[in-house]
Amino acid sequence: MLRVITINLNGIRSAERKGFFAWMSNQSADIVCLQELKAQRPDLSEEMLAPPGYHGFFHCADKRGYSGVGIYSRRAPDRVIEGLGNAEFDAEGRYLQADFGTLSVVSLYLPSGSSSEERQAAKYRFMDIFMPHMAELIASGREVIICGDWNIAHREADLTNWKSNKKNSGFLPEERAWLTRLFDEVGWVDVYRTLHPDATDACYTWWSNRGQAWAKNVGWRLDYQIATPGTALTARATSVYKDERFSDHAPLTVDYDISL
């Protein structure tokens with residue numbers, strides 16, 4: 001069994017203070033994908049760089065305290081790829097790929113567009129370059145798991161207040177159609193939905209810090225593990241951990257009936 005966890009930490013140092021690494025050490029995870037590190041390598045403690053039993057890899061943003069992705073793995077990868085080869089988004093630290101034999105695991109932090117029209121335009125630019133990359137990956141014949149904060153809720157079941165969010169970033173028709181194309185035309189699989197096709201309240205992975213969103217479970221499903229069809233078929237169990245809070249996002253765990 002291969003256990004893969006993904007979580008947007010909203011700051012790795014903040015998550016460490018909230019007990020993330022103590023929790024992670026008890027999860028028997030083979031691979032842990034991190035997003036929104038909000039740190040550069042010199043900012044990371046020894047435990048953050050390589051927790052006991054794990055190898056650590058990072059693609060940090062040029063800007064301090066911003067974005068950044070990471071991967072922890074029990075087995076050392078055969079190859080690690082930082083970035084997509086796009087100067088604008090590689091400077092933001094949004095893509096990290098680790099190859100293990102015929103399997104690739106990616107930690108992805110797709111841009112948010114909620115702060116301004118300029119950032120929404122940047123989000124669309126990223127989506128425009130990322131769709132061809134996803135098509136190339138699936139055509140390569142490799143088995144792939146893309147873990148991350150996609151910053152898009154795909155279906156009405158993926159957020160509490162879908163009616164009032166139709167014109168908001170994260171649930172715009174163009175964003176949702178992009179994910180539909182990724183699944184229906186390019187051939188990728190939303191692993192959580194294969195195991196829990198009808199889940200609503202239980203599927204959320206992000207809650208706004210405004211009001212009482214967490215207390216009232218007014219959430220969004222923004223964090224996904226999206227896989228090639230062969231790997232998705234091996235998924236046996238998935239869960240969102242909500243007993244503790246390390247971030248405004250919750251960890252998403254999937255168990256696959258494969259081995260590294």
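Contact is taken here to mean heavy atoms within 4.5 Å. With that criterion, and leaving aside neighbours within four places in sequence, Asp149 of this predicted model is in contact with Asn8, Gln35, Leu108, Tyr109, Leu110, Leu222, Asp223 and His249. Two of these partners, Tyr109 and His249, are listed together with Asp149 under "active site" in an unreviewed UniProt entry, and the three positions are therefore described before the rest of the model. The three residues span 141 residues in sequence, yet no two of their C-alpha atoms are more than 12.7 Å apart, so that they gather at one spot. Tyr109, Asp149 and His249 are also included in the lining of the largest pocket.

Asp149 is placed in strand β8 and has a relative accessible area of 1%, which falls under the 20% limit, so this residue counts as buried. Tyr109 belongs to strand β7 and, with a relative accessible area of 9%, is likewise buried. When residues up to four places away in sequence are not counted, Tyr109 touches Asn8, Gln35, Glu36, Ser67, Val69, Arg94, Asp149 and Asn151. With one of these residues, Glu36, the side chain of Tyr109 forms a polar contact of 3.2 Å.

His249, by contrast with a strand position, is found in the loop between β13 (235-240) and β14 (252-256), where a relative accessible area of 6% marks it as buried. Beyond its neighbours within four places in sequence, His249 is in contact with Ile7, Asn8, Asp149, Thr205, Trp206, Trp207, Leu222 and Asp223. The side chains of His249 and Asp223 are joined by a polar contact of 2.8 Å. Asn8 appears among the contacts of Tyr109, of Asp149 and of His249, whereas Asp223 appears among those of Asp149 and of His249. Trp220, which precedes His249 by 29 residues in sequence, has its C-alpha atom 9.5 Å from that of His249.

The largest nonpolar core comprises 24 residues, of which Ile146, Trp150, Trp178 and Trp188 touch the most other members. At least two residues of this core are supplied by each of β7 (103-109), α5 (117-139), β8 (143-149), α6 (173-186) and β12 (223-227), and the largest share, 7 residues, comes from α5. The surroundings of Trp188 illustrate how these elements meet: neighbours within four places in sequence aside, Trp188 is in contact with Met134, Leu137, Ile138, Val144, Ile146, Leu182, Phe183, Ile226, Ala227 and Thr228.

Helix α5 was examined further. At 1.5 Å a residue, its 23 residues should span 33 Å, and the end C-alpha atoms are 34 Å apart, which agrees with that expectation. Its buried residues are Arg119, Gln120, Ala122, Lys123, Phe126, Met127, Phe130, Met131, His133, Met134 and Leu137, a list in which polar and charged side chains such as Gln120 and Lys123 accompany nonpolar ones such as Phe126 and Met127. The elements that cover these buried residues include α4 (87-90), β6 (95-100), β7, β8 and α6. Just after α5, Gly141 adopts a positive phi of about 90°.

Another buried polar residue occurs in strand β12, where Gln225 is located. Its relative accessible area is 1%, so Gln225 counts as buried, and its side chain reaches the backbone oxygen of Leu252 at 3.3 Å.

Positive phi values also occur in residues other than glycine. Asn10, in the loop between β1 (2-8) and α1 (12-17), has phi near 50°, and with a relative accessible area of 23% this residue is partly exposed. Asn217, in the loop between β10 (206-207) and β11 (219-220), has a positive phi of about 55° and is also partly exposed, at 23% relative accessibility.

Pro173, in helix α6, provides an exposed position in this description, since its relative accessibility of 52% is over the 50% limit. The C-alpha atoms of Pro173 and Ile258, which are 85 residues apart along the chain, are separated by 35 Å.

Definitions and conventions
Residues numbered from 1 in each chain as written. Predicted model: local features only at pLDDT ≥ 70, side-chain atom pairs only at ≥ 80, totals over all residues. Heavy atoms only, no water. Core = buried A, V, L, I, M, F, W, Y, C linked by side-chain atoms within 4.5 Å. Buried < 20%, exposed > 50% of the residue type's maximum accessible area, 1.4 Å probe, protein only. Helix = DSSP H or I, 4+ residues; strand = E, 2+ residues; numbered from the N terminus. Expected span 1.5 Å × (residues − 1). Polar contact = N/O pair within 3.5 Å; in protein donor to acceptor, adjacent residues only side chain to side chain. UniProt positions renumbered as here; feature names shortened; annotations may be inferred. 1 Å grid on protein atoms, 1.4 Å probe; cavity = no way out; pocket = protein on both sides within 12 Å on 5 of 7 lines; lining within 4 Å.
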